[in-house]
Amino acid sequence: MNQNKRTAGSLLGALGRNVVLIVYALFALFPLIWMVLCSFKSDVQMYNTVFRFTPTLENYRNVLFGTDYFRAFFQNLLVSGVAVVITIVAGVPIAYALARYDFRKKEDVAFTILSFKFAPEILVCLPVFLIFQKIGLYDTYFGLIWVYQLVTMPLVIWVVRGYFEDISVEIEQAAELDGYRWYEIFLKTLVPLIKPGLVAAGLLAFIFAWNDFTFPLILSGFNVQTITITSMRYIASDTVHYGQVAVAATIAVLPEVIVCLFIQKHLVRGLSFGAVKG
Amino acid sequence: MAQIELENITKRYGEKTALDHISLCVRDNEFFVLFGPAGAGKTTLLKTIAGIEFPQEGLVKINGKTVNQVEPMNRNVSMVFENYALYPQLSVYDNIAFPMRSRLYKKDEAYIKSAVDRVTKMLNISNLLDRRPVQLSNGQRQRVAIGRCLVREPNVFLMDEPLAHLDAKLRHFMREELKEMQSSFNTTTIYVTHDYMEAMSLADRIAVLNNGKFEQTGTAHEMYYEPANEFVAKLFGEPEINLFPAEPYEEDGVLKLRAFSKDTSLIPRGDVSAALRENGGKTVDVGIRGADIDFSFENRGDGWVRGSVYACEPIGNKVIVTVTVAETQVRVVAPNSTKAELDSDIYLRFHTEDLLYFDEMTKESIGRSGGKRPAEKTKQAEGVVETWHS
């Protein structure tokens with residue numbers, strides 16, 4: 001009797017948990033679902049709030065073949081990807097220095113780097129715009145990648161720094177005595193240990209860079225166009241092609257979703273480890 | 001396979017001086033133990049030899065060559081770290097094989113396998129080869145760390161408390177193994193410990209380090225019987241040496257000592273009288289080991305001191321009886337069968353030939369019955385050693 005009660009209780013608990021999670025998932029995913037639905041609607045049916053409509057691929061054809069969407073897609077990929085690679089190449093040594101060495105104003109430097117994240121992008125955009133105009137970096141890959149470091153670098157530095165601080169310095173010393181050069185020590189003993197954090201922070205940095213809107217809006221013109229800016233173009237002055245905007249957005253989230261699914265395991269572990277222990 | 005010399009090494013961390021003008025010579029094939037309390041600078045000294053800490057002053061020499069400017073990897077030293085410093089991402093096998101896979105100490109995989117087998121058998125961890133360090137207990141981790149140190153054939157083994165986290169039985173076993181291994185490998189070993197039994201059983205020579213300075217350097221025997229000062233005397237031996245003040249006085253031309261609220265006289269052996277007189281008749285501290293005290297529950301008359309039993313601790317092979325004599329506590333080692341009622345009367349007799357005398361102010365040794373001053377003897381016997389005293 002008692003046993004039954006308990007099983008019934010745990011069954012109810014599991015049921016309740018799942019119902020809550022499903023409700024939350026619907027709530028969180030609804031904008032995405034709505035976006036995907038919109039991408040299959042024609043402009044005429046766009047404003048019907050019922051779910052019954054005739055699916056059409058018209059929007060996809062218009063966006064993918066009618067415009068230079070793919071060009072923007074690959075340019076976005078290039079800008080974000082290179083920005084993240086540079087962030088990792090430069091940010092990991094910075095994180096190492098901040099974790100290991102003792103120098104004057106160390107915490108101030110670390111905090112300044114973090115504070116780049118606090119400032120709204122629009123705040124720095126105009127001065128950067130003026131400077132870029134002067135030195136000829138406006139509307140170039142280099143300029144955009146450079147300014148993206150503001151978005152990507154602080155995250156990687158702070159997460160990876162926490163990881164380095166958790167690694168006992170004696171491990172490096174042991175490897176030194178075992179006959180390894182500094183770069184071998186770095187690659188063979190340190191990189192495997194910071195990998196979860198690096199992967200998670202790198203991916204988040206990529207997503208932030210990929211989604212960034214303000215910087216490319218102001219700092220790029222026709223030459224370099226990211227996907228976030230391109231999506232805007234389907235809002236014409238007379239009509240708004242919501243279907244086409246939806247298509248552009250749907251395809252834009254695909255890389256993020258795919259990468260996230262692949263490294264989901266690292267993502268959760270990587271960010272929680274550093275945060276809790278660091 | 002190498003002689004290690006330190007000349008006037010000074011290492012500071014900011015304001016704090018970790019090593020204060022340390023000079024030391026560890027001979028080829030010697031098992032040298034650095035002994036001292038926590039924070040004495042033992043680990044810093046090891047790391048200075050390894051090259052992972054840099055002294056502000058002084059020279060480090062391996063085989064007569066100054067290596068201050070030599071990278072740690074090129075010094076060919078092998079070290080056991082106190083916190084193990086195992087590579088968490090590698091299995092036990094790979095951890096132990098790691099030094100033999102570096103470009104500098106490259107060996108082929110067949111050799112690596114046999115070498116790893118050899119040390120893991122000796123350390124009794126051959127069943128753990130596939131595990132990661134996180135899946136091991138502290139004692140097992142420590143053995144893996146020892147294994148990683150022993151697979152190599154370095155100039156010198158540096159061991160930083162390698163047995164500290166093993167259980168008592170295993171520690172005893174490993175102590176014998178290390179001693180055996182050292183004599184068969186013919187390798188210089190510098191070994192850090194804070195366990196005096198480990199120090200005494202393993203060492204060819206011991207250096208006692210305190211606050212970044214050597215208190216004394218010598219054999220285990222010298223440390224125990226001829227400590228240079230009270231600090232060293234207290235470090236060696238369990239129970240701790242008994243120390244009490246005594247006031248010298250002359251009676252019929254014989255130097256005697258008055259101790260325990262002046263109602264007890266001790267007559268030092270003739271050969272230390274001169275040293276005590278030289279000291280100017282000042283009050284001295286007398287030291288005696290618990291095993292050098294006779295005890296009786298009946299008053300046997302002259303030369304016996306009355307006290308009362310304060311505590312009685314059986315520790316397996318002996319009983320330690322703490323006796324209160326005129327407000328001073330004296331620990332006496334008694335046979336296992338001893339049963340003493342608390343607060344009952346007990347009579348003690350000190351073996352006057354085993355008394356140690358220390359200056360009351362400086363705590364330095366004045367002498368010992370039937371022996372020379374320890375510091376002199378150390379220098380004579382160990383001609384190479386130059387212990388630096390400030």
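**A walk through chains A and B**

In chain B, confidence bottoms out in helix H11 (residues 374-381), with a mean of 41, and peaks in helix H3 (residues 92-97), at 95. That confidence is pLDDT, the predictor's score for each residue on a scale from 0 to 100, and helices here are DSSP runs of H or I at least four residues long, strands being E runs of at least two, numbered from the N terminus. From residue 372 to 390 of chain B the pLDDT is below 50, though the stretch has 32 contacts in the model beyond near neighbours in sequence; a contact needs C-beta atoms, placed from the backbone, within 7 Å. Where pLDDT is low, the predicted coordinates should not be read in detail.

A quick word on conventions. This is a predicted model, with pLDDT of at least 70 needed for local features and 80 or more for side-chain atom pairs, while totals for chains, interfaces and linings use all residues. Residues count from 1 along each chain as its sequence is written, and chains are lettered from A and ligands numbered from 1 in the order in which they are written.

Back to chain B as a whole: its mean pLDDT is 86, and 93% of its residues reach 70 or more. It has eleven helices and 21 strands, and its C-alpha atoms fill a box of roughly 80 × 45 × 40 Å along the principal axes. Of its 390 residues, 42% are buried, meaning 20 or more other C-beta atoms lie within 10 Å of the residue's own (12 or fewer is exposed, in between is partly exposed, with C-beta atoms placed from the backbone).

Now the inside. The largest nonpolar core has 110 residues, and B:Leu158, B:Ile190 and B:Leu348 have the most contacts within it. Such a core is a set of buried Ala, Val, Leu, Ile, Met, Phe, Trp, Tyr and Cys residues joined through C-beta atoms within 7 Å. Leaving aside residues up to four places away in sequence, B:Ile190 touches several residues, including B:Ile4, B:Phe32 and B:Leu158. A second, separate core holds 37 residues, among them A:Phe132 and A:Tyr138.

Where the chains meet, 19 residues of chain B contact 14 of chain A. On the chain B side, strand S6 gives the largest share, three residues, and the whole side divides into 14 nonpolar, four polar and one charged. (Ala, Val, Leu, Ile, Met, Phe, Trp, Tyr, Cys and Pro count as nonpolar, Asp, Glu, Lys and Arg as charged, the others, Gly among them, as polar.) The predictor gives the complex an ipTM of 0.81 and a pTM of 0.80.

Last stop: A:Val89, in helix H3 (residues 69-100) of chain A. A:Val89 counts as exposed because it has 9 C-beta neighbours inside 10 Å.

Notes:
Contact = placed C-beta atoms within 7 Å.
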